[in-house]
Amino acid sequence: MSNKMPDRDYDADEVINNFKSKFKWPSKDEVEVVVAPPRLGMKIFISIIITIVASCALYYGMFPAINPKTTDFYMYIIAVIVIFMAAFSVVIGARKKVERVEYVKSKSKIPIIIVAVLLVVMLIGWLCGATLFRARSYSQLMTVSNSDFTKDFETINYDEVPRLDSATAKVLADQQLGQLDEYKSQYVVSQESTQINYKGSPVRVAYLNYADVFRWFSNTKNGLPAYMLIDLVSQKVQVINCVDKFGAGIKYSPSELFNEKLARHLRFQYPTEIMDASNFEIDDSGHPYWITPVLDKTIGLFGGRDVKGVIITDALDGKSQYYDIETVRSDNKLNWIDVVYSENLVTEQYNYYGKLSNGFWNSIFFQKDVSVVSDGCGNIALDDDVWVYTGVTSAESDTSNFGFILCNQRTKETRYYKNGGATEVSAMESAMDAVQNYGYNATFPILLDIEGQPTYFMSLFGDSYTVKGYALVNLDDKTIVGTGLLDVAKSDAKALNAAIENYIDALKDKNKVDESANADDYKVDENADGKAADDNADSKDDSGDSAEQPAQDTENKVTGEITDIKTSVNDGNTVYYLQVKGTYYYIRVNDCMEVLLMNKGDTVEITFDKADGSFVAAKSVTKK
């Protein structure tokens, strides 16, 4: 054994660190070699399968148009690339082994380049369609022609203009739906409704929505059973039962969740088309359809949207047919379609026309001849079409209008009328000021021609959203106001006539018209009490036999059992229809409060003046 002492000339810390370095896991910065994972082909294949499944699920949820003129298309492609790279990283175990991370980085160059190219294409496409460079193109999206107010508006009858706007129409529809036991708590009236001309009258049609997802589960098999038809003149609300009338419910609508959801159903039928929001309409037979405008981007890649065609979808069976816009405009068989160009699109295109006709910089700094639409839009019936009405004001949105425009929602024909005056909002305020002691609100106004004077017409309503009266406000001088109230006149027709009398008297006082102006030229028939019943009540009685005239006990009296009860809201009043011996006798709740307590099976005695047809106006109803 050697007695030689070991060499003590060494650093202990250095020895320990050298020992540790042999077992230390390398950091990311120290890895220089990129190692391909084993069974690479299989892992790529698995990543592709995961990407396909996830991308299909994403497409089902997004259902973007496969069209390079939509930003959703590019976002979807980028999302698919991200999904593949994420799936590939997980499959090869990049979270566990640092060399796999380096391998993913080395293979990410091509996907990153593709994403960068897509973003550059989007940027260039947007710049090519920017209003800064294409102001003239935007100003030419809409053609506007000057027109004569007195000539165009002479065919609009005072007693045929809408007396409800979308908000008040929806409230009446809600009230009517809530009175029907078979629909109560299962469905609600949609927020959206479409104003159309139906058999020569302005009406709004509104589809139903499921009250919630649980009601959807219990009712989706048969679809939505009915839709609402609101007469904007008589204020009558009808519930049109599609199952009874057409043999099936509405299977395709925005209320559905999966393949029957309207937007998804249309996307699967037309995967490349850019579609605007669908409108709910009915044809002359009352059959429900969805009218979906198909858009094109006409300026650059994403700008200058305009309608190039229409998809008509049967709401019952989902069958669709595409028509180009020229066919819709010219084919008489398609005249029942009323709304192709939405109010948003119409006002957007007019604002381009009004702001950019003299160039982009003029719209910002000089603002010479710059105009925009005023707040809010109305709808009127003219030439058997529905037209959007809105005022035209300055870019500063002051309290007066230069004039106003009408735009045909089927053809996009646009007319400008150089009749300046009060804006719609200020006219509404004048009408409400005239009845401020009642606290009534006003609907959005509609323009009429009364004695050559452009005149705002609007309904007045209270907290219940039922019509309480009418107001007329002069466009040129908003202090000229005429009102008529149901509480005073006691009937809808008399309230209308009172409003026109007061208005013409106010015109005479301000020397706007001469003394020969006669209110009788505009009055409505006060004896027309809206006896026409709703179309939904033309069914057979409970026994299944066709309705017959009752065997009357006396000339103006009938006694029998109530076999059916229906209700509607007419002229702002709730009306009960009691079916006795096959005939519906109707009476207002205000005239007979006892009808509120009557039920099917009760025996009643009904008196009336004259029995003609299946619906008879009752004078009194007494429970026996």
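The points below comment on a predicted model of the protein.

1. Overall make-up. The protein contains 17 helices and 28 strands. Of its 624 residues, 49% are buried. Among the contacts with a separation of 6 or more, 56% join residues that lie 24 or more positions apart.

2. Packing of α2 with α11. Two packed helices are described by the angle between their axes and the distance between the axes. Helix α2 covers residues 40-62 and helix α11 covers residues 262-269; their axes are 9 Å apart and meet at an angle of about 120°. The two helices are therefore oblique to each other, since an angle of about 120° falls outside the range of 65 to 115 degrees for roughly perpendicular and is not over 145, the limit for roughly antiparallel.

3. Residues at this helix contact. On the α2 side, the contact is made by Tyr59, Tyr60 and Gly61. Helix α11 contributes Arg264, Arg267 and Phe268. By class, the residues of this contact comprise 3 nonpolar, 1 polar and 2 charged.

4. Internal cavity. Rolling a probe the size of a water molecule over the atoms shows where empty space is left. In this model the count is 1 cavity of 30 Å³ or more, and the volume of the largest cavity is about 30 Å³.

5. Cavity lining. The lining of the largest cavity consists of Ala169, Lys170, Val189, Ser190, Gln191, Ser193, Ala206 and Ile230. These residues divide into 4 nonpolar, 3 polar and 1 charged. One of the lining residues, Ala206, belongs to strand β4, which spans 201-210.

6. Backbone at Lys199. Most residues other than glycine have a negative phi, and most peptide bonds are trans. Lys199, which is not a glycine, has a positive phi of about 55°. Its position is in the loop that links β3 (194-198) to β4 (201-210). Lys199 has a relative accessible area of 58% and is therefore classed as exposed, the cut-off being over 50%.

7. Backbone at Asp369. A positive phi is also found at Asp369, where the value is near 55° and the residue is again other than glycine. Asp369 is placed in the loop between α14 (360-366) and β12 (371-373). With a relative accessibility of 62%, Asp369 counts as exposed.

8. Points for inspection. For the helix pair, the reader may wish to view Tyr59, Tyr60 and Gly61 of α2 together with Arg264, Arg267 and Phe268 of α11. For the backbone, the residues to view include Lys199, with its positive phi, and Asp369, whose phi is likewise positive.

Key. Residues numbered from 1 in each chain as written. Predicted model: local features only at pLDDT ≥ 70, side-chain atom pairs only at ≥ 80, totals over all residues. Heavy atoms only, no water. 1 Å grid on protein atoms, 1.4 Å probe; cavity = no way out; pocket = protein on both sides within 12 Å on 5 of 7 lines; lining within 4 Å. Points joined across faces, edges and corners; volume = space filled by probe spheres on them. Nonpolar A, V, L, I, M, F, W, Y, C, P; charged D, E, K, R; others polar. Axes fitted to C-alpha atoms, helices over the stretch in contact; angles between N-to-C directions. Helix = DSSP H or I, 4+ residues; strand = E, 2+ residues; numbered from the N terminus. Parallel < 35°, antiparallel > 145°, perpendicular 65-115°, else oblique. Contact = heavy atoms within 4.5 Å. Buried < 20%, exposed > 50% of the residue type's maximum accessible area, 1.4 Å probe, protein only.
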